[in-house]
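Hi,

Here is the structure I promised to pass along. Have a look at it first, and my notes on what turned up follow below.

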There are 2 protein chains.
Amino acid sequence: MELLDALQWRYASKKMNGQKVPEEKIGRILEAIRLAPSSMGLQPYTVLVISDEELKKQILPIANNQQQVVDASHLLVFAAWDNITPEQVDDYIHLMAETRNVTEESLAQFKAALLRIAGRTPEENFQWTARQSYIAFATAIAAAAEEQVDATPMEGFNNAALDELLNLKAKGLRSVTLLPLGYRDTENDWLAKSPKVRREKEKLFLIR
Amino acid sequence: MELLDALQWRYASKKMNGQKVPEEKIGRILEAIRLAPSSMGLQPYTVLVISDEELKKQILPIANNQQQVVDASHLLVFAAWDNITPEQVDDYIHLMAETRNVTEESLAQFKAALLRIAGRTPEENFQWTARQSYIAFATAIAAAAEEQVDATPMEGFNNAALDELLNLKAKGLRSVTLLPLGYRDTENDWLAKSPKVRREKEKLFLIR
């Protein structure tokens, strides 16, 4: 499916039907997330892929009882690094040297730039890592649509409570967004047949 | 082109060749941006589409002299609303009522939720509108890749200077990201033949 058709097809399903998404489709959505760009290529986030029914039930009240959390096949949690540590920069430089078959010394300038970024306050770093996670999040939404898998982007949940439940702090992570993946229950989803609301291009774009 | 192939094909081109991107391709990339999701569907951003050579030259020093700004065919500037005003909420409610052929009264609860969001501080609102603009930004990157158009995501520029040059403050906007669109100069782009560096899926994902 072409991206534009996929974006037209998708919407934020308000009622999912509980049907499971085949693992090969989940695999392709995760691969799109893995390939998503990020500033400096750092990928400063982890994505939790939750299909455990019990865990989804525990998340439900934390997510304002939005039923897609439990009716989804898989629930993705985009969790951004709560800071950037020199160890994380080291790991990335190792990976880059290995992948590109170059010495770490040849990456010294790039590493210094990363360490300068890491030197900001943890809160500044988190605001930045959270923005990067939105790129992965948006890429996942597009990938799901291309697979004809419904996805309901969610920001409305209790981040602190979810971090606690998933033990994210100990992992150096903070939850940012949720993305339930599943299939729309067209009969019972009040939004399923509503036309998409978007500003006209004359209003959204400024041509110079 | 399938999304996964497009994401494999793309990279952040460091040297573009000045070739123009056909308007129909630009049109499809802009349409993908227009269809991109956002929280509450508010689309709290404007995207500037700059092909004027003189203006691109003026932006060059503001963007740390990253040559893609002038070698690109079109430069997109993602600018988020610097606040959310009751007037903007009204406009959106009008648009929704018109698009879905419902009364504005039937949207009262939704409108109240939007006004509660708008009631936060301007800085909180901007942090939120900026995150929404990253969804549109990432969708543009995917759409460009699918069109085999190169795109170099950029955060590294002087936001205040660009806002000044483009008179964004008067428009209630603040620049967030840049996306030059054009074609890679494979011969002269040091990054063109480098393998993509990405964490292994075992490290990027946590399966629960």
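Starting from the N terminus, the elements of chain A come in the order α-α-β-α-α-β-α-α-α-β-α-β-α-β. That makes nine helices and five strands in chain A. Please keep in mind that this is a predicted model.

**Chain A as a whole**

Along the principal axes, the C-alpha atoms of chain A fill a box of roughly 60 × 50 × 35 Å. Chain A has 208 residues, and 55% of them count as buried. The surface that chain A exposes comes to about 9000 Å², with carbon and sulfur atoms supplying 50% of it.

The contacts may interest you too. Taking those in chain A between residues at least 6 apart in sequence, 79% join residues at least 24 apart. As for charge, chain A carries 25 positive and 29 negative charges, and the mean positions of the two groups are 6 Å apart.

**One residue in chain B**

I also looked at B:Val49, which sits in strand 1 of chain B, residues 45-50. Is B:Val49 buried or exposed? Its relative accessible area is 3%, and because buried means under 20%, B:Val49 counts as buried.

Its neighbours come from both chains. On the chain A side, B:Val49 touches A:Phe205, A:Leu206, A:Ile207 and A:Arg208. From chain B, leaving aside residues up to four places away in sequence, B:Val49 touches B:Leu30, B:His74, B:Leu75 and B:Leu76. B:Glu98, by comparison, lies 49 residues from B:Val49 in sequence and 27 Å from it in space, C-alpha to C-alpha.

Happy to talk it through whenever suits you.

Best wishes

Note on methods. Residues are numbered from 1 along each chain as its sequence is written. Chains are lettered from A and ligands numbered from 1 in the order in which they are written. This is a predicted model: local features need pLDDT of at least 70, side-chain atom pairs count only at pLDDT 80 or more; totals for chains, interfaces and linings use all residues. Side-chain values use heavy atoms; hydrogens and water are left out. Helices (H or I, at least four residues) and strands (E, at least two) are DSSP runs, numbered from the N terminus. Buried means under 20% relative accessible area, exposed over 50%, partly exposed in between (1.4 Å probe, protein chains only). Contact means heavy atoms within 4.5 Å. Accessible areas come from the Shrake-Rupley method with a 1.4 Å probe; for residues, only the protein chains shown count as cover. Lys and Arg count as positive and Asp and Glu as negative; His and the chain ends are not counted. The place of a charge is taken as NZ of Lys, CZ of Arg, CG of Asp or CD of Glu.
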